[in-house]
Amino acid sequence: MMWLVGAGYWGSKIKETLEKLGVASRVIDIKHGQTIDDITDTNPVILATPLWEHHKQVITLLDRGHDVYVEKPMATTLAEIEDIRSYVKPDQLLMVGHIFIHHPQMEQIKNLLASRAIGDITHVNSRRMNWGIYQTRTTPTLSLATHDISIVLELLGDDCRVSNSNFLNLTNNPGSYDRVYFTGRVGAATFDIDVSWAWPQRVRQTMIMGTNGQIIWDQDNNTITLVSNGIVNNRAVEGHARVYNYHDPLSPLEHELKHWITCVKERRQPSTGIDSAAAVARVIDQIDNADQKSF
């Protein structure tokens, strides 16, 4: 049996997914006055609470002996994550919900890259845009870009340097921003990420540019497109495109939770543990300190 703390939008999805996977859970409903103090044993805990509460809650749960899965981001800053790290005991499991790292299409993309299908990676572009809930206690960086940062780091490695960032207020909401665009480099490859919760058209797409072609991952349409576009005689030439359609019987959340459940049963460390959370937080810290450049 697992404890599920939080029964809101995402917590309810986790509850349904656990039921589909045949895993019993008990819900701590924060909105109805329950707290983590109502947990009565040391069974594993899934934390689906507001991100600004993660730091304190994760530390408390680790200190009480629980294995903990926490929705992304694990905390709001790298300093908070390093604080959490100091509480993790050698035999404890701690996982962050970087859901796209567990997506079966990510494995397919990595296989295509390993086969040199597009040669060397030169650039990664990732966009997560939609008209959604305007949040005042968090930012598009923490709420949305965490996904894309985790994807870029998985593809390129952790040695990331953000070069510039732009914070835009599309809706003239005073004192906040609803779109962030930033660029950076990992090794020889560059990247740019663009996220917004005030965009009239839904886009969830990652494009990987290579020396011999491109891979386009459309996360909404569940497709990977391999394109052989290139430069011939100093001109861009459109080549053959092969589309891979996926109809996986399991949702990305099911794959992620299956990984967590397996790790708990087999007592092995999750692939998206504290190091993964820290790598993403390191990039997020850089975004706020990068040079501001206008479009």
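Biologist: In this predicted model, the axes of helix α3 (residues 78-85) and α7 come within 8 Å and cross at roughly 160 degrees. Why are α3 and α7 called roughly antiparallel to each other?

Modeller: Angles over 145 degrees count as roughly antiparallel. The α3 and α7 axes cross at roughly 160 degrees, so the pair gets that label. As for handedness, α3 passes α7 in a left-handed crossing.

Biologist: Which residues of α3 and α7 make the contact?

Modeller: On the α3 side you have L78, I81, E82, I84 and R85. α7 brings I274, D275, A277, A278, A281, R282 and D285. Sort the residues by type and you get seven nonpolar, no polar and five charged.

Biologist: Now α5 and α7. What makes these two oblique to each other?

Modeller: Same routine. The axes of α5 (residues 140-156) and α7 (residues 274-289) cross at roughly 120 degrees, coming within 9 Å. The bin for roughly perpendicular runs from 65 to 115 degrees, and roughly antiparallel needs over 145. Roughly 120 degrees falls in neither bin, so the pair counts as oblique. The crossing of α5 past α7 is right-handed.

Biologist: Which residues make that contact, and how do they divide into nonpolar, polar and charged?

Modeller: From α5 come T141, L142, T146, I149, S150 and L153, and from α7 A279, V280, V283, I284 and I287. The split is eight nonpolar, three polar and no charged.

Biologist: S150 is on that list. How do you know whether S150 is buried or exposed?

Modeller: Check the relative accessibility: S150 comes out at 4%. Buried means under 20%, so S150 counts as buried. Outside its neighbours within four places in sequence, S150 is in contact with H98, I101 and V280. V280 is also one of the α7 residues in the helix contact.

Biologist: On to the strands. What is the order of the open sheet of five strands?

Modeller: The order is β2-β1-β3-β4-β5, and the pairing is parallel. From one strand to the next, the twist averages 20 degrees.

Biologist: Why do β2 and β5 stand at the edges?

Modeller: β2 (25-28) and β5 (94-97) each have a single partner strand, so one side of each is left without a neighbour in the sheet.

Biologist: How do you know that β1 and β2 pair?

Modeller: Pairing needs at least two bridges. β1 (residues 2-5) and β2 are joined by four and run parallel, so the pair clears the cut-off. Inside that pair, M2 stands opposite S25, while V5 has I28 as its bridge partner.

Biologist: What makes both faces of β1 covered?

Modeller: Residues on each side are buried: M2 and L4 on one, W3 and V5 on the other. In general, side chains in a regular strand alternate between the two faces of the sheet.

Biologist: And L226 in β12, how do you know whether L226 is buried or exposed?

Modeller: L226 has 16% relative accessibility. The limit for buried is under 20%, so L226 counts as buried. L226 and I215 are eleven residues apart in sequence, yet their C-alpha atoms are 4.7 Å apart in space.

Biologist: Let's do the backbone. What is notable about phi in N222 and R267?

Modeller: Each has a positive phi in a residue other than glycine: near 60 degrees for N222 and near 55 degrees for R267. Most residues other than glycine have a negative phi. N222 is in the loop between β11 (213-218) and β12 (223-227), and R267 is in the loop between α6 (252-266) and α7.

Biologist: Why do N222 and R267 count as partly exposed?

Modeller: Partly exposed covers what lies between the 20% and 50% limits. N222 has 23% relative accessibility, so N222 is in that class. R267 has 44%, so R267 is in that class as well.

Biologist: Last one: which residues does the cis peptide bond join?

Modeller: K72 and P73, with omega at about -15 degrees. P73 is found in the loop between β4 (68-71) and α3. Most peptide bonds are trans.

Note on methods
Residues are numbered from 1 along each chain as its sequence is written. This is a predicted model: local features need pLDDT of at least 70, side-chain atom pairs count only at pLDDT 80 or more; totals for chains, interfaces and linings use all residues. Side-chain values use heavy atoms; hydrogens and water are left out. Axes are lines fitted to C-alpha atoms, for helices over the stretch in contact, and angles run from 0 to 180 degrees between N-to-C directions. Buried means under 20% relative accessible area, exposed over 50%, partly exposed in between (1.4 Å probe, protein chains only). Contact means heavy atoms within 4.5 Å. Angles under 35 degrees count as roughly parallel, over 145 as roughly antiparallel, 65 to 115 as roughly perpendicular and the rest as oblique. A crossing is left-handed if the near helix is turned anticlockwise from the far one by less than a right angle, and right-handed if clockwise. Ala, Val, Leu, Ile, Met, Phe, Trp, Tyr, Cys and Pro count as nonpolar, Asp, Glu, Lys and Arg as charged, and the others, Gly among them, as polar.
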